[in-house]
Amino acid sequence: MASTNVSSSGLFRRIPASERTAPSPAMALRADIDPPPRPQRAIQTVAFVVIVFLACLQFLPATHFRDPADPLRNWIPLDPNRSQPISIRPMVDEKEDHSAGVAEQDKEASRLQLFSWADCLDLRVLTVLANSTLSSSRYPDNIFFHFFVPENEDEKLSYYKLKVLLPYSNLEITGVKKIKEKLKSHTSKVELLQPMFPEILPLVIPSTNKFLYVSPNIIIKGKVEELFGMDLGAYAIAAAEDCSKRLGDIVDMHDLKTIQRTAEKSWVYEKPYDKDACLPDFNFLLLDPRRLEKNLIDAISWWSNVLDVKTQRANPIHPAVVLSIYGKYLKLPASWKLNYSSSTETETENNILPFDGPMKVCSENIVQQQRSNHGNLWNEYITPNFDAVLSHSN
């Protein structure tokens, strides 16, 4: 149907609306977009159930992981007994493998390892020890803590409790049973050495690098990384000296002279022993296990048998250990000596201070230096809420 006419002059003329023809019903206009089809209710229900099921899977514990260093992106089973997953190294040629080995050695050498043994497990004490060390350090990420706990304690539970307060720290909780087995490989006289186990433990720790061994009942205010850079020279042990007691106070000098004159052992000091010699402070030790004498445990056992020291003793360190390392350790600066003085000058000058909070006592036979009046220094490294969690019995 035409809506216009053309005149002879070339102009268009619009046809009036009254003359137009109405469109037929068959030619009615249709919408450009048809309405969407209605989905079936059963399909909607199935889709909703699948989505809910996939969402619930996110709450299941992880069973596998992928190592970012693995180019093949293989799935590796996750071992729940380890605090960190084991990395699987990719296949590399010999040159790359050598470079990786050197890098791993450099990484291991940069670790500042700190060991401690708690014969009476108190997680508050270990938390304050770790937190004070990290707070005072310039490189807290390089510090690795290795805590030995009694055999009857739950290692995993202790680890997770400490991780609640120190989530970014490098922690390892190990039963002391492993150290006792290591001691058996050195000597068969384990029962004879049992009374001096606190002093022997740092001497048998299976480590290949320099490390610190500290008493758990201390607060570290100094920068421990400064000690790791110290040159020990020909020595394997470095310790501060405690002059509150002398060698003559813990050993009968007359008997010692007799032993020195008659015994023919390589570990007996050739020069006369000085009765006024100060004792090494075993609360804080720097050790290089690669330089320890192989017969050191035999020497301690021999001295313990010759001196016939009673199991119960009031001395801070066993005489057999003192005589075995006499003249064989480097003296640390006095600032690294544990001082139980409560003066303000002591807290300012000393790099290590005694734990001044409440401590758990497990046995009356073990000598524990515990303060009767609790101080406030330990509160700087633990909050009351976490104190309630950590002080709860395992």
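A salt bridge is counted where a side-chain nitrogen of Lys or Arg lies within 4 Å of a carboxyl oxygen of Asp or Glu. In the predicted model described here, Lys180 and Glu151 form such a salt bridge, their closest N and O atoms being 3.5 Å apart. Because Lys180 belongs to helix H5 (residues 177-186) and Glu151 to the loop between strand E6 (143-149) and H4, this pair ties together parts that are 29 residues apart in sequence. Lys180, with a relative accessibility of 25%, counts as partly exposed, and Glu151, with a relative accessible area of 48%, is partly exposed as well.

By the rule just given, the count comes to eight salt bridges. Side chains of opposite charge can pair when their charged atoms come close. One of the bridges is formed by Lys328 and Glu293, with 3.5 Å from N to O. Lys328 is placed in the loop between helix H12 (319-324) and E12, while Glu293 is placed in the loop between E11 and H11, so that parts 35 residues apart in sequence are tied together by the pair. The relative accessible area of Lys328 is 25%, which makes this residue partly exposed, and Glu293, at 39% relative accessibility, is also counted as partly exposed. A further salt bridge connects Asp242 with Lys337, where the closest N and O atoms are 4.0 Å apart. Here the link is between distant parts of the chain, since Asp242 lies in strand E10 and Lys337 in the loop between E12 and helix H13 (344-349), 95 residues apart. Both Asp242 and Lys337 are buried, and buried in this account means under 20% relative accessible area. In addition, a network of salt bridges links Asp288, Arg290 and Arg291.

The strand that holds Asp242 is part of an open sheet, in which seven strands follow the order E7-E6-E5-E8-E11-E10-E12 with mixed pairing. At the edges of this sheet stand strand E7 (170-175) and strand E12 (330-331), each of which pairs on one side only. Strand E5 (residues 112-117) and E8 run parallel and are joined by three bridges, with Gln113 standing opposite Phe211 in E8. Strand E8 (residues 211-214) in turn pairs with E11 in the antiparallel sense over four bridges, and in this pairing Leu212 has Leu286 of E11 as its bridge partner. On the other side of E11 in the strand order, strand E10 (residues 237-246) pairs with E11, again in the antiparallel sense, over six bridges. Asp242, already met in the salt bridge with Lys337, stands opposite Leu279 in E11. Strand E11 (residues 278-287) is itself mostly covered, nine of its ten residues being buried.

The nonpolar interior was examined next. The largest nonpolar core has 49 residues, and those with the most contacts inside this core are Leu201, Tyr213, Ile237, Leu247, Tyr273, Ile300 and Trp303. Helix H11 (residues 296-307) supplies the largest share of this core, namely six residues. Apart from this core lies another, of 45 residues, which includes Leu112, Val125, Leu134 and Leu338. For Leu247, when neighbours within four places in sequence are left aside, the residues in contact are Met253, Leu256, Tyr273, Asp274, Lys275, Ala277, Leu279, Val322, Leu323 and Tyr326. Among these contacts is Leu279, the residue of E11 that stands opposite Asp242.

A buried position is also found in helix H4 (residues 155-165), which contains Leu162. Leu162 has a relative accessible area of 0% and is therefore buried. Although Leu162 and Thr127 are 35 residues apart along the chain, their C-alpha atoms are separated by 6.6 Å.

The surface offers a contrasting case in Leu60, which is located in the loop between helix H1 (41-57) and strand E3 (64-66). Because the relative accessibility of Leu60 is 55%, this residue counts as exposed, the cut-off for that class being over 50%. Leu60 does not stand alone, for Val46, Val50, Phe53, Leu54, Leu57 and Leu60 together make a nonpolar surface patch of about 560 Å².

Note on methods:
Residues are numbered from 1 along each chain as its sequence is written. This is a predicted model: local features need pLDDT of at least 70, side-chain atom pairs count only at pLDDT 80 or more; totals for chains, interfaces and linings use all residues. Side-chain values use heavy atoms; hydrogens and water are left out. A nonpolar core is a set of buried Ala, Val, Leu, Ile, Met, Phe, Trp, Tyr and Cys residues joined through side-chain atoms within 4.5 Å. Buried means under 20% relative accessible area, exposed over 50%, partly exposed in between (1.4 Å probe, protein chains only). Helices (H or I, at least four residues) and strands (E, at least two) are DSSP runs, numbered from the N terminus. Contact means heavy atoms within 4.5 Å. Two strands pair if DSSP finds at least two bridges between them. Patches are made of residues with over 30% relative accessible area and no salt bridge: like charges are joined within 9 Å, nonpolar side chains (Val, Leu, Ile, Met, Phe, Trp, Tyr) within 5 Å. Accessible areas come from the Shrake-Rupley method with a 1.4 Å probe; for residues, only the protein chains shown count as cover.
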